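Q: I have a structure in front of me that I have never seen, and I would like to learn how to read its features one at a time. Could you take me through it slowly?

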Amino acid sequence: DKDELVRTLTSLDGRGYGSYKQLKGTYDLGPCRLLIDHVQTDPFAPPSLMRLVVDAEAANLPQDLIDDCRGRVAVTDFLARVVAKEASSLHGVSIGTPQQEVLERTSIALTDQGLEARISVQLPAAGRRIKGREASRLLTEDLPRLAERSLLHASIDVDALRAHATLHRDQEALRDQLAERHLVAFVGDGAILPRRSGDSDLPLTDGAVPFDSPESLRVTFDLPSGRQVSGMGVPDGVTVIVGGGYHGKSTLLRAMERGVYPHLEGDGREWAITRGDVGSVRAEDGRAVTGVDISPFISGLPSGTDTRSFTTTNASGSTSQAASLVEAVDAGASALLIDEDTSATNFMIRDERMRVLIPADREPITPFVDRIRPLYKERGVSTVLVAGGSGAFFDVADHVIALDEYVPRDVTDQARALADEASSEPSGAVFGPARSRTPDPDSLRPADKKKPATARGRDIIRFGREQIELAAVSQLVDSAQTEAVAKALDRLAELAASSSANQGATQLDAAIRDLFARIDADGLEALSPHRGHPGHLARPRPLEVHAAVNRYRGLQVVRG
Ligand code: ADP
Ligand code: MG
């Protein structure tokens, strides 16, 4: 087998790149099997997809770490990091680059075959010619060594693996308890929230002030490992974070935003844990909006446009924020995170003088400050809001937290003393029931779309001729998640087409729910259109799949 592969590759040396095609197949290479699933057609095409497989007995992973779903996520994440580290010294070999979050990924899998590492390999070329000897060394020596150093029992650091899985289970167990304890988020005492720099997700090392909860908000959790953690619980309802500029408000909110995912040991945010269905909402002028009911915030436009089903190819700051908010709530977000830094001022507040000068019936926008309580009362959606520039939210806050040189204090009573009790609540319901739109199946399958949707880094999905821009979708954190969202869009398009052929068009939220049910049942690779190597995918949340569909400029909805 190995000799055969060596012979084949040697004989291919100097031939046209396309001859690599014949490598497809399975090879027994001693410590591992090599499965070559997909061979790139030329040196500049996306790399070839291969799997390294060792028998379950050879990996001999501790059974108690892999007999539950969470254990398997942690174990495969751990091994993906080991493989990534080993692969970094091999030119052209990759398993993706896991960041600070521990996510369910397709890059390592425990299957009937054993333990699989799904790698991508840039097959060596000189111009457009095959470098056979180099390829032979890579495939028959370097890759088996990689498998040996990362997947075989003797090379696995079982204590570190166990610690990784134990932390992960504790973090998720804490998240499980948040809703029943009526908390949106938890930030543990001692957490290091600031990052090293704007373009690094690593913890700040110099001068970081560890988090220290105000006594009044301190809560304690007992976790499955026997560990107990204490810290600040952010309650359901409306919580406003105030404080001077540069005192750490956005840093705290951002930690809650990222807290929907579990972080690695040593990250500093291990115990910043947020309910999994919390959505971050910001202004994003220029985005497209299709058929969204933004009438709770914007109505009576001078143009006469119906804002109960609002469509635009170029939203303003305030309309984009209103649309993103309604979309997140309709997609099931149980709480919203909003930062003044990334909000449209006219969406958030309107001051008294302006209310006098421009009467309400001449102003299409009802600011968020007037809608934040109805949102909680009618829809049960909580808000955590950073507002250092305006006291307007004191009137509507259940809790006010002040940051003073990065140290949080509970200033709810002082803020309440300053609040204007006269603030009026609207008489009738403003939000109405959740509404789901039904995408026109044809709009999800444009005739000129010939290729599968793909991610270009974290921020962009190519969908036919359209680019879906996701830079403002801040809780999409890994390009492998973006790749998974791209694949999800293709699967949704298929679902929409087949259901419209059978029983009529399907609502967007039902279709996305079905898709996630399939992922839960069959694993993340259910997103892949073919068997074998599914590509490097990481699990996104339903909210981010909604966000991508909603930003697709070709989307059309069926009126109903
Ligand atoms: P704000 O939103 O209140 O203006 P930021 O959250 O943007 O403040 O933080 C301002 C600066 O302080 C950032 O550079 C951030 O990294 C740093 N910072 C935030 N929290 C801490 C902390 N706990 N310890 C040290 N530095 C911090
Ligand atoms: Mg800020």
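The dialogue below takes up sheets, helices and a few backbone angles in turn.

A: Gladly, and one caution comes before anything else: this is a predicted model, and what I say about it is computed from that model.

Q: Where should I begin with a sheet, and in what order do the strands of the open sheet of 6 strands lie?

A: The general idea is that strands of a sheet pair through backbone hydrogen bonds, either parallel or antiparallel. In this structure the open sheet of 6 strands runs in the order E16-E19-E20-E14-E21-E22, and its pairing is mixed. Strand E16 (278–280) and E22 stand at the edges with a single partner strand each, so one side of each has no neighbour in the sheet. Between neighbouring strands of this sheet the average turn is 20°, with direction ignored.

Q: How many bridges join strand E14 to E21, and how many pair it with strand E20?

A: Strand E14 (residues 238–243) is joined to E21 by 5 bridges, and these two strands run parallel. On the residue level, Ile241 has Ile401 of E21 as its bridge partner, while Val240 is matched with Val400 in E21. E14 also pairs with strand E20 (residues 382–386) in the parallel sense, over 4 bridges, and there the bridge partner of Thr239 is Val384.

Q: Which residues of E14 point one way and which the other?

A: As a general idea, in a regular strand the side chains alternate between the two faces of the sheet. In E14, Val238, Val240 and Val242 point one way, whereas Thr239, Ile241 and Gly243 point the other way, and all are buried. Since 6 of the 6 residues of E14 are buried, this strand is largely enclosed by the rest of the structure.

Q: What is the strand order in the open sheet of 4 strands?

A: That sheet has the order E12-E13-E9-E15, with antiparallel pairing. Its edge strands are strand E12 (218–222) and strand E15 (272–274), each of which pairs on one side only. Neighbouring strands here are turned against each other by 35° on average, direction ignored. As one pair to follow by eye, E12 and strand E13 (residues 228–235) are linked in the antiparallel sense over 5 bridges, with Val219 standing opposite Gly231 in E13.

Q: Turning to helices, how can I compare the expected span of helix H8 with its end C-alpha atoms?

A: Count the residues and allow 1.5 Å a residue: for the 14 residues of helix H8 (residues 317–330) the span should be 20 Å, and the end C-alpha atoms are 20 Å apart, which agrees. H8 is also mostly covered, as 13 of its 14 residues are buried. The helix is followed by Gly332, whose phi is positive, near 105°.

Q: Against which elements do the buried residues of helix H16 pack?

A: They pack against E16, H8, strand E25 (460–463), strand E26 (466–469), helix H14 (479–502) and helix H15 (508–522). Of the 10 residues of helix H16 (residues 542–551), 9 are buried, so the helix is largely enclosed by the rest of the structure. Among the buried ones are Leu543, Val545, Ala548 and Arg551.

Q: How do the axes of helix H4 and helix H5 cross?

A: The axes of helix H4 (residues 69–87) and helix H5 (residues 132–150) come within 9 Å and cross at roughly 140°; the two helices are therefore oblique to each other. Their crossing is right-handed. At the contact, Leu79, Val82, Val83, Glu86 and Ala87 of H4 meet Leu146, Arg149 and Ser150 of H5.

Q: Finally, what is phi at His182, and is that residue buried or exposed?

A: The general idea is that most residues other than glycine have a negative phi. His182 has a positive phi, near 55°, without being a glycine, and its place is in the loop between helix H6 (158–180) and strand E9 (183–188). With 11 other C-beta atoms within 10 Å, His182 is exposed, because 12 or fewer count as exposed.

Q: And what about Tyr406: which loop holds it?

A: Tyr406 lies in the loop between strand E21 (399–404) and strand E22 (407–410), and it also has a positive phi, of about 75°, although it is not a glycine. Tyr406 counts as buried because it has 20 C-beta neighbours inside 10 Å.

Note on methods. Residues numbered from 1 in each chain as written. Chains lettered and ligands numbered in written order. Predicted model: local features only at pLDDT ≥ 70, side-chain atom pairs only at ≥ 80, totals over all residues. Expected span 1.5 Å × (residues − 1). Pairing = 2+ DSSP bridges. Axes fitted to C-alpha atoms, helices over the stretch in contact; angles between N-to-C directions. Contact = placed C-beta atoms within 7 Å. Parallel < 35°, antiparallel > 145°, perpendicular 65-115°, else oblique. Left-handed = near helix turned anticlockwise from the far one by under 90°.
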